[in-house]
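Trainee: Hey, got a minute to walk me through a structure I haven't seen before?
Mentor: Sure, pull it up and we'll go through it together.

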Amino acid sequence: MTDTYPETHLIIRGTEINYLFICPTKLWYFAKGITMEQESEYVDLGKFLHEKSYFGEEKDVKIGMISIDFIKKGDIIEVHEVKKGKSMEKAHEMQALYYLYYLKKLGINAKAILNYPKLRETKEITLEGREKEVEKAIGEVEQIKSLSVPPKPVKTKKCKKCAYYELCWV
Ligand code: SF4
């Protein structure tokens with residue numbers, strides 16, 4: 001396959017899939033290009049990525065619309081994402097699945113590893129049997145992005161650390 005963007009609907013970013021599982025309102029703001037001060041998780045990630053434990057890997061790999069923390073090449077390509085904690089585990093997992101789905105459409109078979117360095121834990125993720133889940137998430141992201149106003153915010157404990165707090169609640 002020669003086309004970098006194999007299917008027109010694969011023009012969404014991994015972060016958008018991630019935000020779908022955190023908060024639809026947050027996804028809408030992000031997708032519309034409304035950016036606030038970076039959240040602390042991203043600052044910490046930069047630090048983790050430059051720690052010795054990840055030294056020597058290919059970092060911040062951009063392939064079309066996706067941006068992978070780092071990749072290991074072996075018998076099968078490993079896509080690694082580094083995360084701070086597990087409170088958003090479903091969002092992390094769906095983001096990783098989207099990467100695997102995207103790569104598969106480009107003819108690349110891979111597996112994903114979620115790295116939680118603070119917890120000294122890893123989680124392996126494969127796409128097998130989960131493509132429909134990814135396609136459903138892609139459809140939901142597209143539907144939210146097509147809205148002319150943000151989805152009504154719902155207050156949860158995630159709001160406290162959210163960069164869009166002031167937009168929703170002040
Ligand atoms: S403050 Fe809460 S409702 Fe608003 S975007 Fe953030 S998580 Fe969503």
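We'll go from the overall layout to the sheet, then to the ligand and a few single residues.

Trainee: Okay, what kind of model is this?
Mentor: It's a predicted model, so keep that in mind as we go.

Trainee: How many helices and strands are there in the protein?
Mentor: Six helices and five strands. Reading along the sequence, you get the pattern α-α-α-β-β-β-α-β-β-α-α.

Trainee: And how much of the protein counts as buried?
Mentor: 39% of its 170 residues. As for contacts between residues at least 6 apart in sequence, 67% of them join residues at least 24 apart.

Trainee: Let's do the sheet. What order do the strands come in?
Mentor: The order is E1-E2-E3-E4-E5, in an open sheet of five strands with mixed pairing. At the edges are E1 (58–63) and E5 (121–125), each of which pairs on one side only. From one strand to the next, the twist averages 40°.

Trainee: In which sense do E1 and E2 pair?
Mentor: Antiparallel, over five bridges. One pair to look up is lysine 62 with its bridge partner in E2, serine 67.

Trainee: And E2 with E3, parallel or antiparallel?
Mentor: Antiparallel, with three bridges between E2 (residues 66–72) and E3. Lysine 72 has glutamate 78 in E3 as its bridge partner. The link from E2 to E3 is a hairpin of four residues.

Trainee: What about E3 and E4?
Mentor: Those two pair in the parallel sense, over six bridges, with E4 covering residues 110–116. There, glutamate 81 is matched with leucine 114 in E4. To get from E3 to E4, the chain passes through helix H4 (residues 89–105), making a right-handed β-α-β crossover.

Trainee: Where does H4 lie?
Mentor: Across E1, E2, E3, E4 and E5, and it runs at about 155° to E4.

Trainee: Why is E3 largely enclosed?
Mentor: Because five of its six residues, in the stretch 77–82, are buried by the rest of the structure.

Trainee: Anything worth a look in the loop between E2 and E3?
Mentor: Try aspartate 75, which sits in that loop. Its relative accessibility is 89%, so aspartate 75 counts as exposed. Its C-alpha is 9.6 Å from that of alanine 110, though the two are 35 residues apart in sequence.

Trainee: Switching topic: which residues surround the ligand?
Mentor: Cys23, Thr25, Lys26, Pro153, Val154, Cys159, Cys162, Tyr164, Tyr165, Cys168 and Trp169. The elements giving two or more residues to that shell are helix H2 (24–31) and helix H6 (165–169).

Trainee: Which one gives the most?
Mentor: H6, with three residues.

Trainee: How does the shell split by class?
Mentor: Nine nonpolar residues, one polar and one charged.

Trainee: Back to H2 then. Which of its residues are buried?
Mentor: Thr25, Lys26, Leu27, Trp28, Tyr29 and Phe30. That is six of the eight residues in H2, so the helix is largely enclosed by the rest of the structure.

Trainee: What covers them?
Mentor: Helix H1 (14–20), helix H5 (131–145) and H6 are among the elements covering the buried residues of H2. Also, glycine 33, just after H2, has a positive phi of about 85°.

Trainee: Val154 was in the ligand list. Where is valine 154 found?
Mentor: In the loop between H5 and H6. With a relative accessibility of 58%, valine 154 counts as exposed.

Trainee: What does valine 154 touch?
Mentor: Leaving out residues up to four places away in sequence, it touches Cys159 and Trp169. Valine 154 and proline 24 are 130 residues apart in sequence, yet their C-alpha atoms are 9.3 Å apart.

Trainee: Last one. Which residue other than glycine has a positive phi?
Mentor: Arginine 120 is one of them, with phi near 55°. Most residues other than glycine have a negative phi. Arginine 120 is in the loop between E4 and E5.

Trainee: Is arginine 120 buried or exposed?
Mentor: Exposed, because its relative accessibility is 79%.

Technical notes:
Residues numbered from 1 in each chain as written. Predicted model: local features only at pLDDT ≥ 70, side-chain atom pairs only at ≥ 80, totals over all residues. Heavy atoms only, no water. Buried < 20%, exposed > 50% of the residue type's maximum accessible area, 1.4 Å probe, protein only. Pairing = 2+ DSSP bridges. Right-handed = clockwise from strand over helix to strand, strands pointing away. Near = heavy atom within 4 Å. Nonpolar A, V, L, I, M, F, W, Y, C, P; charged D, E, K, R; others polar. Contact = heavy atoms within 4.5 Å. Axes fitted to C-alpha atoms, helices over the stretch in contact; angles between N-to-C directions.
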